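Got your viewer open and a hand on the mouse? Here is a short tour, one selection at a time.

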Amino acid sequence: MSESTKQSGDRNCQEPTPTCPQNAKKDEWETFFESHDAPPGFASKKLQMHEFAQGHLKNGTNVVLVTSGGTAVPLESRVVRFIDNFSSGKRGASSAEYFLAEGYAVIFLHRHKSLQPYERHLSHTKLIDVLDVQNKPNGDQTIVANQAMFPKLLSILKVYKDVRASNSLLLVEFVMLQEYLYLLQAAAEALSFAGTQTMFYLAAAVSDFYIPSKEMSEHKISSSNGPPIISLKVVPKMLTPLVHHWAPDAFVVSFKLETDRALLLEKARKALRDYNHEVVIANILEERNECVTIVTPDEHHKICITDSRGTRDIEELIIKELVTKHTVFIVEHGPE
Ligand code: PMT
């Protein structure tokens with residue numbers, strides 16, 4: 001991005017200044033990383049993301065990081081129990097498919113065992129019932145898929161095979177909160193050099209609370225002492241360093257989830273004011289698969305799947321809008 005086309009210098013905070021109030025919170029996220037070790041396997045996942053991003057961005061392909069699923073918060077260092085949340089990963093998995101259909105390369109940072117692109121379509125089907133044994137003329141037996149049981153299988157399989165062949169989808173797994181936060185930072189660093197060509201689509205349900213490592217019991221908490229009193233700390237918001245330090249030129253989309261409709265819009269607007277990014281997708285827990293509100297600094301509007309005939313997933317409508325907004329963003333702010 002050229003200096004002349006930059007929208008606002010205050011997104012690119014390097015040092016604390018009066019125009020960079022975000023730096024006031026810098027300590028909290030830095031302290032989090034300083035007091036938690038990188039998770040096992042971190043270095044190789046970081047390298048994978050870096051190579052994937054380099055390969056696609058040098059060919060001029062836009063790259064999006066899609067985060068998906070819930071983060072688990074351990075109660076013990078040698079973890080037996082953890083705090084978890086409701087997220088199925090449907091939003092992220094479905095969105096990744098629509099980004100791929102729009103020609104983006106996708107880093108899919110997802111919770112282990114949450115829904116995955118393409119495979120999610122099989123999640124309501126018992127795979128064992130879709131498969132049949134077929135006798136060959138020579139007496140051998142082979143396994144075939146019974147397409148009548150799952151009519152969409154062929155078309156989904158063909159798209160999935162194309163995506164695999166073009167290497168445009170990178171799957172990266174996490175389970176614990178700390179692992180997610182480390183990988184988010186690594187992904188942001190891998191993508192930062194491409195400036196406006198990259199998008200962050202932060203659909204994961206990230207825990208707001210955790211127990212710092214040094215305050216955690218090492219071994220399984222015993223029930224013989226009665227119920228434990230557990231004190232949780234607030235997880236620093238990683239949107240702050242993402243927008244202002246790790247990837248200051250990228251197009252950033254965050255999510256706002258509420259159960260109280262009366263709070264949703266104001267909280268989404270507040271997020272845009274606090275972090276100075278591009279879009280918030282605001283959703284209510286119970287209706288998240290039917291309707292969302294797209295909020296930008298200039299306007300907001302609600303979209304519902306019921307308003308659009310033939311649309312299979314609300315994510316199809318979300319991604320169409322975001323791709324248009326991202327294209328305009330690149331034109332207005334210049335390529336990398
Ligand atoms: O997976 P599904 O079942 O399909 O459900 C989809 C969804 C409801 C999880 C998804 O649509 C959604 O709303 N995801 C975000 C949920 C959430 O964490 O909301 P929040 O209001 O707590 O956080 C707002 C934003 O801050 C998020 O984009 C998050 O990435 C970011 N965040 C959160 C915590 C933290 N420590 N740092 C952050 O930057």
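Which residue does lysine 267 form a salt bridge with? Select lysine 267 together with glutamate 258: that is the pair, and the closest N and O atoms are 3.5 Å apart. Keep in mind as you click around that this is a predicted model.

Now switch on the surface for these two. Glutamate 258 has a relative accessible area of 13%, so under the 20% cut-off it counts as buried. Lysine 267, on the other hand, comes out at 37% relative accessibility and is partly exposed.

**Next stop: the salt-bridge network**

Select Lys90, Arg91, Glu97, Arg120, Asp313 and Glu315, which are joined into one network by salt bridges that share partners. Zoom in on arginine 91 and glutamate 315: their closest N and O atoms are 2.8 Å apart. Arginine 91 sits in helix 3 and glutamate 315 in helix 9 (residues 314-333), so this salt bridge ties together parts that are 224 residues apart in sequence. Hide the surface if you want a look at this pair, as both residues are buried.

**Another bridge to pick out**

Select aspartate 84 and arginine 111. Their side chains meet in a salt bridge, at 2.9 Å from N to O. Aspartate 84 is in the loop between strand 3 (82-83) and helix 3, while arginine 111 belongs to strand 4 (residues 105-111), so the pair links parts 27 residues apart in sequence. Buried or exposed, what is arginine 111? Arginine 111 is buried, at 12% relative accessible area, whereas aspartate 84 is partly exposed at 38%. If you feel like hunting for others, the structure holds 19 salt bridges.

**On to the largest pocket**

Where should you centre the view for the largest pocket? Try Val206, Asp208, Lys237, Phe255 and Lys256, the closest to its centre of the 50 residues that line it. The volume of this pocket is about 1300 Å³. For the walls, colour helix 1 (26-34), helix 3 (90-101), helix 6 (177-192), helix 7, strand 11 (251-258) and helix 8 (261-275): these are the elements that give two or more residues to the lining. Then colour the lining by class, and you get 24 nonpolar, 13 polar and 13 charged residues.

**A closer look at helix 7**

Stay with helix 7, residues 239-246, and select the whole run. How many of its eight residues are buried? The count is eight of eight, which makes the helix mostly covered. Going along, you pass Leu239, Thr240, Pro241, Leu242, Val243, His244, His245 and Trp246.

**Out to the surface**

Bring the surface back and select Ile83, Phe209, Ile230, Leu232 and Val234. Together these residues form a nonpolar surface patch with about 440 Å² of accessible area. Within that selection, click leucine 232, in the loop between strand 9 (209-210) and strand 10 (233-234). Leucine 232 counts as partly exposed, at 38% relative accessibility.

**Last stop: a distance to check**

Finish at tyrosine 160, which you will find in helix 5 (residues 153-165). With a relative accessible area of 25%, tyrosine 160 is partly exposed. Draw a line from its C-alpha to that of alanine 186: how far apart are tyrosine 160 and alanine 186 in space? They are 26 Å apart, and 26 residues apart in sequence.

How values were computed: Residues are numbered from 1 along each chain as its sequence is written. This is a predicted model: local features need pLDDT of at least 70, side-chain atom pairs count only at pLDDT 80 or more; totals for chains, interfaces and linings use all residues. Side-chain values use heavy atoms; hydrogens and water are left out. Buried means under 20% relative accessible area, exposed over 50%, partly exposed in between (1.4 Å probe, protein chains only). Helices (H or I, at least four residues) and strands (E, at least two) are DSSP runs, numbered from the N terminus. Patches are made of residues with over 30% relative accessible area and no salt bridge: like charges are joined within 9 Å, nonpolar side chains (Val, Leu, Ile, Met, Phe, Trp, Tyr) within 5 Å. Accessible areas come from the Shrake-Rupley method with a 1.4 Å probe; for residues, only the protein chains shown count as cover. A salt bridge is a side-chain nitrogen of Lys or Arg within 4 Å of a carboxyl oxygen of Asp or Glu. On a 1 Å grid over the protein atoms alone, a cavity is a set of points where a 1.4 Å probe fits but cannot get out, and a pocket is an open set with protein on both sides within 12 Å along at least five of seven lines; lining residues have an atom within 4 Å of a point. Grid points are joined across faces, edges and corners, and a volume is the space filled by probe spheres set on the points. Ala, Val, Leu, Ile, Met, Phe, Trp, Tyr, Cys and Pro count as nonpolar, Asp, Glu, Lys and Arg as charged, and the others, Gly among them, as polar.
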